[in-house]
Every structure is written in structure tokens, then in C-alpha cells.
Amino acid sequence: MHDDLLTIGRFARLCRLSVKQLRHYDETGLLSPVHVDAGTGYRYYAPGQARDALTIALLRDMDLPLAVIARALAAGPASRARILRGERDRLAERISRDRARLAMLDRLAEDGLPGYRVTLGREPERRLAVVRAVCDPAGIGERVAECAGRLLPALAAAGTGWEPPLWGLYPLDPAERMEMAVGAPVPAEAAPPGLERQVLPGGPVVETVHTGPYAQLPLAYHALLATVHERGLRPLAPAREAYLVGPAEAPPEELMTRVVIAVEEDRT
């Protein structure tokens, strides 16, 4: 009966998996043996299962979650391709974030914490036409581009005069799902249709200018918030970024961003 079946040990060697892995895949329903002996509990696999087993081993070596592998194995060719392309895109995002982190570590290793010039001043009231979005910290760049792509044509269509720079508004504590906005200063009397208005009150702020990639902006926030706490102040949301020199004007290392945080005396 079992002449054409393989014991778990032989099947593991054939597929370059361990017996422990095969047992785990069986327990999770990812790859079950075709027969389990009722008396001994021995597992037996068909040679035709080798392709699935080898695929599992390949995808696990690329750190794909077991749940994703299960969906890919159960899907037809077109759906499987979509699943794998989705994982490819997520991997590309992770690689991009890791490269940005490496660049920041290189900068810290070579220069230590950058010596930002942090100043305490006053910011005038600003009236912005804004477009909002919800994203996670990794998706900020994409959402900023999308918001600007909606904001600028709406301003142009309304004939609303505005002067650069564009402003980004962010929570002080980035979270997995956070609301951010991109805004442009507009005259007080202007009311572009379809755009939300937000007034940024004037008052005391701490500010600095960051030169370099947006991925290294956390260094500027580190300098600002350290100054805030050293002076006994309390930061007020939203954090504001004015894009003085943007990606369309310069390479990443020459981008210039003015970072502003409103503050008040900490009375706690």
C-alpha cells in the first residue's frame, strides 16, 4: 500500500527540509501527508508533494509568512502571481526603509549627532488650504506626494494665489495609523472649493532647518525635542514641515526642510 509513498525522513531529505519542519507544516495545515498510519502515527508523503514542499522551502527562505505561503499554494496561477507581487512590493518597501536607516547610521557614525542650530522664536498665524490623509510612518512620503497632487490642481483650478512653500502637518507621536496633511498658504478671504481650511495659530516655536533626505528628518526632530525639554517647554501638535527645497528642485542630499514645533510653558 505504501510502496509509492515516502517516509517523513526520506521526504524531508528529498525536499531539503527537516522532519521538525514537516511536522509543523502538517500541524498548521500547510502541507499534510497523504497517509498517517493509525497504529504507529508515521507520516507518509507522495512524491508528487515534493513540488509544494520545495516551494514552501524556497518561500520560507525569503521570510514569507506561513499564512501567505498557504494562500499562494491554494491559489490559481493569476491569484498566486498577485500574492507574490504583493509580497515583493512589501519586501521592496522594507529594503528601502533599511537603506535609509543604514544611511542615517553612517551619518551618525561619521559625524555623531548633527549640530542643528535650534532657535526659539515666534511664528505668525498661517491660514492653509489642506488635503488630509491617513498613513503609517513608512507611507508618509507616498501620502505627501498624493496630497500635493490633489492640492495643487485644486488651487490652480480655483485661481487661488498662494506662495510657496508647501507645509506638511504631522502628529508629534507617529503611530501606525496617523492623520497627516499637506497645506498651502492662501489669502484669508480665499475659499478654494473642495479643500479644507486649517488655521495654524501664531505664537512661540522652536525651529531648525534640515538639509538632506527626508528619511533623516528624525535627527532634526531629536534636536528640536531635546531643546524643548531642556528649556522646560511643552510641544504642541501638529509638527510643521515647510519644504523649502523639494525633490523636483534638488537631489536628496540637498533637500531643505524647515521644521517647526509650537511650544508653551510646561505648567505640570
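In which hand, left or right, does helix 3 pass helix 4? In this predicted model, helix 3 passes helix 4 in a right-handed crossing. Helix 3 covers residues 50-61 and helix 4 covers residues 66-74; their axes come within 10 Å and cross at roughly 140°. Helix 3 is therefore oblique to helix 4. On the side of helix 3, the contact involves Asp52, Thr55, Ile56, Leu59 and Arg60, which meet Leu66, Ile69 and Leu73 of helix 4. Five of the residues in this contact are nonpolar, one is polar and two are charged.

A second helix pair was examined in the same manner. Helix 1 (residues 8-15) and helix 2 (residues 19-27) have axes that come within 9 Å and cross at roughly 105°. This angle makes helix 1 roughly perpendicular to helix 2. Ile8, Gly9, Phe11 and Ala12 of helix 1 are in contact with Val19, Leu22 and Arg23 of helix 2. The contact of helix 1 with helix 2 comprises five nonpolar residues, one polar residue and one charged residue.

The UniProt record, an unreviewed entry, places the feature "domain: HTH merR-type" at residues 5-75. Over residues 5-75, helix accounts for 54% of the chain and strand for 10%. The C-alpha atoms at the two ends of that stretch are 26 Å apart.

The model also contains an open sheet of eight strands, whose order is 4-9-11-10-6-7-5-8 and whose pairing is antiparallel. Strand 4 (119-123) and strand 8 (196-200) stand at the edges; each has a single partner strand, so one side of each is left without a neighbour in the sheet. From one strand to the next, the twist averages 35°. Within the sheet, strand 10 (residues 233-245) pairs with strand 11 (residues 256-265) in the antiparallel sense, over nine bridges. Arg240 stands opposite Val260, a residue of strand 11.

Two helices lie across strands of the model. Helix 6 (residues 140-158) lies across strand 5 (126-135), strand 6 (167-170) and strand 7 (178-185), and runs at about 135° to strand 5. Helix 7 (residues 217-230) lies across strand 6, strand 9 (203-211), strand 10 and strand 11, and its direction is at about 25° to strand 11. Strand 6 is thus listed both among the strands crossed by helix 6 and among those crossed by helix 7.

Methods. Residues are numbered from 1 along each chain as its sequence is written. This is a predicted model: local features need pLDDT of at least 70, side-chain atom pairs count only at pLDDT 80 or more; totals for chains, interfaces and linings use all residues. Side-chain values use heavy atoms; hydrogens and water are left out. UniProt positions are given in the numbering used here, feature names are shortened, and annotations may be inferred rather than shown by experiment. Helices (H or I, at least four residues) and strands (E, at least two) are DSSP runs, numbered from the N terminus. Axes are lines fitted to C-alpha atoms, for helices over the stretch in contact, and angles run from 0 to 180 degrees between N-to-C directions. Angles under 35 degrees count as roughly parallel, over 145 as roughly antiparallel, 65 to 115 as roughly perpendicular and the rest as oblique. A crossing is left-handed if the near helix is turned anticlockwise from the far one by less than a right angle, and right-handed if clockwise. Contact means heavy atoms within 4.5 Å. Ala, Val, Leu, Ile, Met, Phe, Trp, Tyr, Cys and Pro count as nonpolar, Asp, Glu, Lys and Arg as charged, and the others, Gly among them, as polar. Two strands pair if DSSP finds at least two bridges between them.
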